[in-house]
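Have your viewer open and your selection tool ready. We will go from stop to stop, selecting a few residues at each one.

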Amino acid sequence: MGNSGAPTGARFARIVAASVAGTTIEFYDFFLYGLAAALVFNKVFFPVGDPLTGVLLAMVTYAVGFLARPLGGVLFGHLGDRLGRRRTLSVTLLLMGGATVAIGLIPSYASIGIAAPILLVLLRLVQGLALGGEWGGAVLLVAEHGSAAHRRFWSSWPQTGGPLGNLLATGVLAALGLGVSTTEFQDWGWRIPFLLSIVLVAVGIWLRHAVEESPIFLEAQRRNATRDGQAPVRIVVSRYRKQVLMAALADVGEKATYYTFSIFLLAYLAQVVHVPKATALTAITIASVFQAIAIVLGGAIGDRYGRRMSSVLLAVLTGAWALAALPSINSGDAVRITVVVTIGLTLHGLLTGAQAPFFAELFPSEVRYTGASLGYQLATIAGGSLTPIIGVALLHRFPSTIPITLLLCLMLACTATAFLWAGETRDRDLRTVTSDSTNSAPTGQHRSTPAP
């Protein structure tokens, strides 16, 4: 069954480029906060006697953004399923950029007291809402323009926005760390990357303005022109609870892997191993390059071998690496730290790319934005916000990587279980997914023409 509306050549390349640029900018803004929380927010906004307690408080505000992401998924999922993917994605980008620039302008605790952390939390909530709506729309826009034959490969490209955004964030912070003193960085240097967001957002809006709306969405919109007006989230909750749970469980291990090998390790290396922040930031920056390449490679592997087998195997390999390698960072050796983080984030990239289209394949077009976003963002609460918070909290009692490693393995087990439960979804036609589409169609059915 072909996708007659699928674009070719330059049109499709523009769609992919706009999706990658948008997710890169949004994740740059979101991850920049996490890095700053681990490095400087404890001193600027939470000045307490114990540095580790200050980091923990900063991490709690960091987690607020994750708690807001499911709400953003519901809010912008509703808009995306009703008004279209393209317009909704422009709104999320503007919202994220505005909140990030405003964070860079907040006076310190020393200047305005308790109002400073309150403003920080409110703006972090806005960031979470924006990112909650961004991911689902960016991936769906590519998936719905492409075809089943290469859906995973192309859908993995917007996922590279995560490591590319992190690469930008860590790269800018690392450059500032080398160019200004520690005092200057704490006083004003950390604000520069936040203010730069305004330039990145302008570029992203320009790219997205020329993107066409998803043909599958337009077809679904015409087909349901006389629908009774029931909100997409009500449809998802009443008919697709199982699919939302599958999506959340499938993604929780991927989220925990990223935040273990980046945000948690950044705090651990700085507060327990006492490694200079430039060493840790450089390791994550290098690792992010391999991570981005691995996401695209993971997409190709998923198209070749299927969603289920590749995702389960990669979850097992990631858990094994964490158990074997994380204790070695206690040496403080820069090369060893870089190798551990690079392999960890490379495995994360492969797992992310292998999962990319799975979320879209669980839901029909009419509620795909809402359903995929809700499942994906629910996973961020357990895998994204709780992992670094629990990890940093445990450091007060257990100055070791063992507790966080065991937590990571538990979440990776959830991912493997979800894919075994869902079955293979590789051959589903995105136009014919229903609430009964629990197991994949036999190989060869519902295949579209090859993607460009």
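Select Gly423 to begin: in this predicted model, Gly423 follows just after helix 19 and has a positive phi of about 80°.

Now step back into helix 19 itself by selecting residues 402–422. With 21 residues at 1.5 Å a residue, this helix should span 30 Å, and its end C-alpha atoms lie 31 Å apart, so the two values agree.

Keep helix 19 on screen and colour its buried residues. Early in the helix you will find Ile404, Thr405, Leu407 and Leu408 among them. Further along, the buried set also includes Met411, Leu412, Thr415 and Ala416. Ala418, Phe419 and Ala422 belong to the buried residues too.

Next, how many salt bridges does a search of the whole structure find? The search turns up two, and you can visit both from one residue, Lys255.

Select Lys255 together with Asp251: their side chains meet in a salt bridge, 2.7 Å from N to O. Both sit in helix 14 (residues 241–271), and because they are four residues apart, about one helical turn separates them.

Then add Glu254 to your selection. Lys255 forms a salt bridge with Glu254 as well, with the closest N and O atoms 2.9 Å apart. Seen together, Asp251, Glu254 and Lys255 make up a network of salt bridges.

Before you leave, are these three residues buried or exposed? Lys255 has 3% relative accessibility, so it counts as buried. Asp251, at 0%, counts as buried, and Glu254, at 5%, is buried as well.

How values were computed:
Residues are numbered from 1 along each chain as its sequence is written. This is a predicted model: local features need pLDDT of at least 70, side-chain atom pairs count only at pLDDT 80 or more; totals for chains, interfaces and linings use all residues. Side-chain values use heavy atoms; hydrogens and water are left out. Helices (H or I, at least four residues) and strands (E, at least two) are DSSP runs, numbered from the N terminus. The expected span of a helix is 1.5 Å times one less than its number of residues. Buried means under 20% relative accessible area, exposed over 50%, partly exposed in between (1.4 Å probe, protein chains only). A salt bridge is a side-chain nitrogen of Lys or Arg within 4 Å of a carboxyl oxygen of Asp or Glu.
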